[in-house]
Amino acid sequence: MKPFEYKFSDKLDEILHILSQSGTDAKILAGGTDLLIELRRKPKVYPGVIVDISFVNELKGIFEDNNHITIKPLSTHTKIFKSDIIRKKAYLLSEATSQIGSLQIRNRGTVGGNIMNAAACADTVPPLIALNAEITLRSQNSVRSFKLNDFFIKPYKTKANPDEVLTEIKINCLPKDAKSTFIKLGRRNALSISRLSVAAVLQQDEDGKIIDARIVPGAAFPTWQRVVEAEQMLIGEKPGIELFRAAGAKVSEVMISYTGRRWSTEYKEPVIAALVRRALERCSI
Amino acid sequence: MEQDKYKIIGKPEKRVDVLGKVTGKAKFADDYNVKHQLYGKVLRAKYPHARILKIDTSKAKNLPGVEAVLTADDIPGSKVFGIVVQNQSILAFDKVRYLGDGLAIVAAKTKEIAEEALELIEVEYEVLPVVTDPEEAIMPDAPKIHGDNNIFVHHKVRKGDIEKGFQEADYIIERKFKTQFIEHSYLEPEAILAEPAEHGGVRIIGSVQNLFSSRRSVAAALNLPLNKVQIIQSTLGGSFGGKDEVMTAMCCRAALLAIKTGKPVKMVNTREESMLESYKRHPYTMYYKWGIKSDGSITAMEIKIYADGGAYASMSPYVTWRSVVQATGPYYCENVKTDVITVYTNNNYTGAMRGFGSPQVNFAIESMIDIIAEKVGKDPLEIRLQNGFEKGAITATGQKLEHNVSLKEVLLKAAKEIDFQNKWREYKSQSDAPIKRGIGIACSYRGVSLGAEGTDAAGTIVSVQTDGSVIVSSGITDMGQGAQTQMCQIAAEVLGITMDRIVFLNTNTSRVPDSGPTVASRGTIMGGYAAKRAAETVRSTLMSVASEMTGYDVEVLDLKDNYLIDKDSGERLASFSELAAQCFKKGRPMFGFGWYKSPPTSWHEENGYGNAYFTFVYGTNIAEVEVDTETGKVNVINFVSAHDLGRAINKQTVLGQFYGGVAMGLGYGLLEEFEIEDGIPKQLNFDEYLLPTAKDIPNIKAIIVENEDAAGPFGAKSIGEPTNEIAAPAIINAIYNATGKRIYELPANLERVLLGHKLTRKGERGSVQKEKEELIIESCKIK
């Protein structure tokens, strides 16, 4: 590890001030589960300043308000999956955070870090997009909001400026009768990086017809998207294996339309379809 | 009662090293620090294959804090080392042959300065073409790694008449199998501390598995006699065969720096450095061609194997020799022709790793036997019982098995435990659902210890102190497997004392006899036998003193529970401590040295036959799996591991071997792969090199089978490697039972299980490359 300057504060204002002085040379430290590993790898662009935000209490906590949940970015994965609010009103996020990395990573790693690092395999992002998440970024002189699905440019690249801090993630509570799930496919049963994942939400009316459907694959698309083409196929229909199979096939098709046929497509094409079908099945039981 | 035969043997005694390890007091190599120590770092190659035109160290030497920058030119003695072929450079001087080659070493006041200095060393290369596939490396126009021929070992086995065997066959079945590089994954990366010694020599303490071979190379490099090079083993954080040559290189480099600077030098590899430089398990490409009768008997086996030796010879000649001996498995066959060809490439060199040439061939053998079972309509257990060795069998190398051949015992015990045959039948015809179950079996026979590889002897010292406490030391080393405890238990049993009286001294090359390497699962049988003899020597002195003390005949005396007793009445006549004090007073030696040389073996290299090993062990693994047929994910849900190990000296330690062996075998079968593309390793840490986690390991039922063998102490044989060598094929056979699709190349990762082949990103982004199709040839001569 090379030398770097380390700065910290427990006040957001001071953090924003430090960042405004640091230029593009600064890196924000939240849980450190990605950053520290990256530093050990001796990256080409090595940060001159590490700004530790982990002491900022105003960036911690999960709050419910009306039909919304505000998740502060320093919430760890453990905090999220143990939160009653999340389990009851955003179940798929609870499922996703319970499977991230290892116990140690879940205890350190934060949802804000997961978003800002923007790895293609980030497991909180597909559920958050399925929950129509909006995020707020602040710098010393500005406040900006994004819909989370508009925030990413490509893996490891977001629209955030170097002097901005993610200060809030806001999601809609799922309706009471909606069901949701997150399916993660990894190579092993713990400490696993998603090979592929799917976040899904389904809501049916009294007749059993689907009135809301959300499908967000992970580690499949260049950036995360709800697959509207597949979602539309479901609306107004009753759940059924053939319907879900067709929706899965549609997700594959849309994936390939974005990525083209690549070295891994032969595997991802049938598997993402199967995972989507399974996720929808789980949401309709 | 059999259990009462011994007081200490077979009991779950606490490991002698346990307290240090659970309290954090055990000192691993990196825990050793001395004042004024310097930090050594290695400059490694920039290309996997290149001629070295010039190394300029002047800028690095001028960096403040740097005390020495050395290259091969600074080595006073031998610049190369090697157990069999002396061609591995301590520091590369003519060429670099793989990316892990070291070119220069730096000693500096801090690690950071040493690392900075490395960046200041300028090397001019002439880049050479790279060869990484063993079958390409044998082509006449392939780039040559050493000399003018990349083939450096060709072992053969010849038995009967292979042509006749195929003529007699009703079916001929040919398959190709491939295995991967895997990393030992010892928890503790390589580390040592080398200090200049008073007598002009050097003293090294560190994470070294085979102290004596490392010592020979340090002495040769420094032009020192062996008695001036002392290597002491620190507590080892795992090795699995992996801390041999890579540690030898580190010992030589640190010793050079220590002698040059006159200061202690610490060298520690990061995990990335470790994975980049260290040797791996050999990848094998195996062509198996078997002739079988329609009743399932085997008339001919023709086997051709290409082993990737990587950049240096290392242990390849021995590893591949075990492969050639065991390549047919424990199955009767009159006509055998086996060739194992080992070649140099620009990959990481390959050497000893738990299993030592058996996990690869067992994957092929145990897949083949299942394939022929299906061909003749038998189940996997039936075919093994039909063809498996019994006492008196003649192996492929012409050796008659005179010991208790317990293959069928372990097969039947394992199968019964899990109701193998019924489950196998049930899963074979299960209904179509995405998640399918399967069960698979694999068995093996394994030669114990080194066999005809080389001299096989070891020494252990048992030294009774005047207060009746005891020190045991040995040339056999402990890397976590529990050898210390086994030797101490044997000494305690012979001396009639409890384990708390014994301390084991970490191995020190200057204080114990060269006992060869601690490899080949020979720790207990060789070191343990020597411990028994050493303890018996002391015991006989103690007993004669006891007789003088008490006036009783030696015959009526015994040592039990730390007392001298009257054998008939059980009356305690004196404490062991009193006896020891008396012995000292009388001026009698309480120091016992035991030496054990293995029974004879033989090998005829030219004609490929011989009595390869003095005895064998037998084992069976059964895996029950769930295969997700839509994603390729395999979960192993149940496992049975049955092994005949002669006798378990310590049941807990043995169970540890069973569980650990299965876990490692599961990694080999499903997850682990050290990928090297055009000479560049792809995974250098455990984020990408995937080991199984606790959540991937199934419930493991261990069945310890004990048929005492006269060749071992208290009948004990081997267990370390046998437990690791058949887990993968059991899993692969289970996958087949579940899916009807056979995996011919390890590991059975998501892509291989789903698609039948691996996906590789190679060349242009976006291009799709499939591996070569598998070889599946079957001919039927029945009209």
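Start by selecting F182(A) and A199(A): F182(A) stands opposite A199(A) in β12(A). Strands here are DSSP runs of E of at least two residues, helices are H or I runs of at least four, and both are numbered from the N terminus. This is a predicted model, where local features need pLDDT of at least 70 and side-chain atom pairs count only at pLDDT 80 or more, while totals for chains, interfaces and linings use all residues. Residues are numbered from 1 along each chain as its sequence is written, chains are lettered from A and ligands numbered from 1 in the order in which they are written, and side-chain values use heavy atoms, leaving out hydrogens and water.

**Stop 1: the sheet in chain A**

Now colour β11(A) and β12(A), residues 196-204, which run antiparallel and are joined by 8 bridges. Two strands pair if DSSP finds at least two bridges between them. Add β13 and you have an open sheet of 3 strands, in the order β11-β12-β13 of chain A, with antiparallel pairing. Its edge strands are β11 (178-185) and β13 (210-218) of chain A, each pairing on one side only. From one strand to the next, the twist averages 10°.

**Stop 2: helices across the sheet**

Next, pick α5 of chain A, residues 91-98: this helix lies across β11 and β12 of chain A, at about 20° to β11(A). Angles run from 0 to 180 degrees between N-to-C directions, and axes are lines fitted to C-alpha atoms, for helices over the stretch in contact. Then pick α11(A), which lies across β11, β12 and β13 of chain A, at about 35° to β12(A).

**Stop 3: a helix pair**

Keep α11(A) (residues 265-283) and add α10(A) (residues 241-259): the two pack at an angle of about 140°, with their axes 8 Å apart. That makes α10(A) oblique to α11(A); angles under 35 degrees count as roughly parallel, over 145 as roughly antiparallel, 65 to 115 as roughly perpendicular and the rest as oblique. Show side chains too: the residues of α10(A) that meet α11(A) include F244(A) and M255(A), and those on the α11(A) side include I272(A) and L280(A). Contact means heavy atoms within 4.5 Å.

**Stop 4: over to chain B**

Select β1(B), residues 38-44. How many of its 7 residues are buried? The count is 6, so β1(B) is largely enclosed by the rest of the structure. Buried means under 20% relative accessible area, exposed over 50% and partly exposed in between (1.4 Å probe, protein chains only). With β7(B), residues 102-108, β1(B) runs antiparallel over 6 bridges, and K41(B) stands opposite V106(B).
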